[in-house]
Amino acid sequence: MNPHAYAELGAGLAMGLGAIGPGIGLGILIGKALESIARQPEVASDIRTNMFIGIGVTEAVALYAFVVALILVFVAK
Amino acid sequence: MKKGLKWVWLVVVLVALAGLFLLPGGAKETVNVAGEFELTPIVKLPAFGPVDLSINKAVIYLWLATTVIVIMAIVIARNLKPQPGRFQAAVEGLYGLARDGIARSVMKSGVDTWFPYIGAVFFFVLINNIIGLIPLPLGEHHQLSFYTATANLYVTVTLALFTFVFTHYAGINRYGVRNYVSSWMPTGAPPVLKQFIFVIHAVSEIFRLVSLSVRLFANMVAGHAILAVFFAMALIFQSYLIAVALQGASVLIYLFEIFVAVIQAFIFAILSAVYIGGALDSGH
């Protein structure tokens, strides 16, 4: 097996494993936000704004994994 | 009778699908998805020290986005009507989102000072992302291809650096250097803990810069790579059935990418507003 094959295997693993955490996190985040909007519809716009901030911060973790995968495939040759 | 006709149609469709599946595909072609993001100079200019000033497609996309924003703003500002038409209503809606949904809902003070920057960055990122979804003849051999200037790390780092510099400028301008830096540390804590928290805060400031730029960059690269893979899969599988099915899937992915383009512009602007607002109201 040539060394670059390990890098590509690692890229796949990095992306796949790195997507688990943000997936769970986004599920909890959006679920809770919808729950609280259903409970208090009068502050829905505030909750939605804060939900998008949270989505941005949570999603970034998956994107770090994506960048690591890109580096493994294209830079670490 | 009508029911019988339905069955006939079903059989015809199934036979057509089977025929499509059995038909051989087109010529074998190799696909290089990473090549979509390579920047080759279109107009070669002399390097200015270590800085290469050649014009590549990212530069052209940036110019295009700037031109669109400037022309849009001038046209809207010249023909303001009390009863807005379709175009004016759309731009007014986006402006209202940037002012009320982003700046006013996040920042406690300094909205009038900092809204011009936040609105400008929102419109710039939004127009750049949207223009990236229109195929333009800037690819290899002037074929139609997708590219976004925001799918380039240098562009997003520059945008994030603006936010980074303005954040600390806003804090220092309001509180002075000494008070601003001391506002990073909790009052009344022992000195060792204060220094420890100062280091943590300084690292988190740097990571804000990294996450702000990498988020936009990686979202755009991932979106365009998925689009390219879906378009290219017809060439890889070489079957008309899969090609027809993939056209539907590509349209869905494309619609999702429009949603992502708007959401990413919104998130970039709202995080800039959160950081600047946090620096302005940190001294409480």
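Trainee: How many helices and strands does chain B have?
Mentor: This is a predicted model, where local features need pLDDT of at least 70, side-chain atom pairs count only at pLDDT 80 or more, and totals for chains, interfaces and linings use all residues. Residues are numbered from 1 along each chain as its sequence is written, while chains are lettered from A and ligands numbered from 1 in the order in which they are written. Helices (H or I, at least four residues) and strands (E, at least two) are DSSP runs, numbered from the N terminus. On that footing, chain B has eight helices and zero strands.

Trainee: What radius of gyration does chain B have, next to a compact globule of 284 residues?
Mentor: The radius is taken over C-alpha atoms, and the globule rule is 2.2 Å times the number of residues to the power 0.38. The C-alpha trace spans about 85 × 55 × 45 Å along the principal axes of chain B. A compact globule of 284 residues would come out near 19 Å, but chain B has 25 Å.

Trainee: Which helix gives the most to the largest nonpolar core?
Mentor: Such a core is a set of buried Ala, Val, Leu, Ile, Met, Phe, Trp, Tyr and Cys residues joined through C-beta atoms within 7 Å. This one holds 57 residues, and B:I102, B:F268 and B:I270 are among those that touch the most other members. Helices of both chains supply at least two residues each, including α1 (3–18) and α3 (44–75) of chain A. The most, 14 residues, comes from α8(B).

Trainee: Which residues of chain A is B:I270 in contact with, leaving aside neighbours within four places in sequence?
Mentor: Contact takes C-beta atoms, placed from the backbone, within 7 Å of each other. In its own chain, B:I270 meets B:I102 and B:V106. From chain A, the partners are A:T49, A:F52 and A:I53.

Trainee: Why does B:I242 count as partly exposed?
Mentor: B:I242 sits in helix α8 of chain B, and its contacts beyond four places in sequence are B:A234 and B:F237. A residue is buried if 20 or more other C-beta atoms, placed from the backbone, lie within 10 Å of its own, exposed if 12 or fewer, and partly exposed in between. B:I242 counts as partly exposed because its C-beta neighbours inside 10 Å number 17.

Trainee: How many residues does the contact take from chain A and from chain B?
Mentor: The side of chain A that touches chain B has eight nonpolar, two polar and one charged residues. Here Ala, Val, Leu, Ile, Met, Phe, Trp, Tyr, Cys and Pro count as nonpolar, Asp, Glu, Lys and Arg as charged, and the others, Gly among them, as polar. The contact takes 11 residues from chain A and 15 residues from chain B.

Terms used
Two residues are in contact if their C-beta atoms, placed from the backbone, lie within 7 Å.
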